[in-house]
Amino acid sequence: MPRLEYDRSMSVGIPEIDEQHREWISLVNYLNDSIHDGRANEALRTTLNETLAYTVQHFMTEERLMRRYKYPYLDVHTKEHAMFIDRVHGYVDAYIKGVPVLAMDVAEFMKKWIWNHTTTTDQGYAKYIADVRMVEMSKKPSS
Ligand SMILES: [Fe+2]
Ligand SMILES: [Fe+2]
């Protein structure tokens, strides 16, 4: 299973968020690598907990930013975030209840979701915020 590699198509042009995306990817890659090294089960518990906590924090940062800039598609974006959280919660619940959770399924789901979301949905607010900032800059009196 290939790792998820960060690339420019995932960048939203906001350093704080790009850094969070990189960190997020490294959490998923830790799980990915652990599967290869035969440490999937021990990695799964830490990854689920850490990913959940980190994701909540990351989504809050993005949602705060979108609200600040009055991004018109905030609702749709927030719903996508909630779907990811629900899915991870589902894995955590299953794990706690002793229902078998395949580390490979979790890793594949996360890699795919993170890639799709950052290269499409996140790009929507990235473009919008860049445009708003550009307009703001052009209104500033030049010295
Ligand atoms: Fe994001
Ligand atoms: Fe997002």
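**Notebook: a four-helix chain**

I began with two helices: the axes of helix α1 (residues 15–36) and helix α4 (residues 103–139) come within 9 Å and cross at roughly 155 degrees. Angles over 145 degrees count as roughly antiparallel, and therefore α1 is roughly antiparallel to α4. I note that the model is a predicted one.

**Entry on the crossing**

I next looked up the handedness, and α1 passes α4 in a left-handed crossing. I then listed the residues that meet. On the α1 side I found H21, W24, I25, V28, L31, N32 and I35. On the α4 side their partners are A103, M104, V106, A107, M110, K111, I114 and T118. I sorted the residues of this contact by character: 11 are nonpolar, 3 are polar and 1 is charged.

**Entry on one residue of the contact**

I chose L31, which lies in helix α1 and is among the residues that meet α4. Is L31 buried or exposed? I counted 24 C-beta neighbours inside 10 Å of L31. A residue is buried if 20 or more other C-beta atoms lie within that distance, so L31 counts as buried.

I then asked which residues L31 is in contact with, leaving aside its neighbours within four places in sequence. I found A43, L44 and T47, together with A103, V106 and A107. A103, V106 and A107 also appear on the α4 side of the contact between the two helices.

I also looked up a separation for L31. T55 stands 24 residues from L31 along the chain, and the C-alpha atoms of the two are separated by 15 Å.

**Entry on helix α3**

I turned to helix α3, which covers residues 74–97 and has 24 residues. From its first C-alpha to its last, α3 reaches 34 Å, and this is close to the 34 Å expected at 1.5 Å a residue. I looked just past the end of α3 and found G98, which takes a positive phi of about 85 degrees.

**Entry on the whole chain**

I finished with the protein chain as a whole. How many helices and strands does its secondary structure contain? I recorded 4 helices and 0 strands. From the N terminus on, the elements run α-α-α-α.

For the extent of the chain, I read that the C-alpha trace spans about 60 × 25 × 20 Å along its principal axes. Of the 143 residues, 18% count as buried; L31 is one of the buried residues. Lastly, I considered contacts between residues at least 6 apart in sequence, and 75% of them join residues at least 24 apart.

Conventions:
Residues are numbered from 1 along each chain as its sequence is written. Chains are lettered from A and ligands numbered from 1 in the order in which they are written. This is a predicted model: local features need pLDDT of at least 70, side-chain atom pairs count only at pLDDT 80 or more; totals for chains, interfaces and linings use all residues. The expected span of a helix is 1.5 Å times one less than its number of residues. Axes are lines fitted to C-alpha atoms, for helices over the stretch in contact, and angles run from 0 to 180 degrees between N-to-C directions. Angles under 35 degrees count as roughly parallel, over 145 as roughly antiparallel, 65 to 115 as roughly perpendicular and the rest as oblique. A crossing is left-handed if the near helix is turned anticlockwise from the far one by less than a right angle, and right-handed if clockwise. Two residues are in contact if their C-beta atoms, placed from the backbone, lie within 7 Å. Ala, Val, Leu, Ile, Met, Phe, Trp, Tyr, Cys and Pro count as nonpolar, Asp, Glu, Lys and Arg as charged, and the others, Gly among them, as polar. A residue is buried if 20 or more other C-beta atoms lie within 10 Å of its own, exposed if 12 or fewer, and partly exposed in between; C-beta atoms are placed from the backbone.
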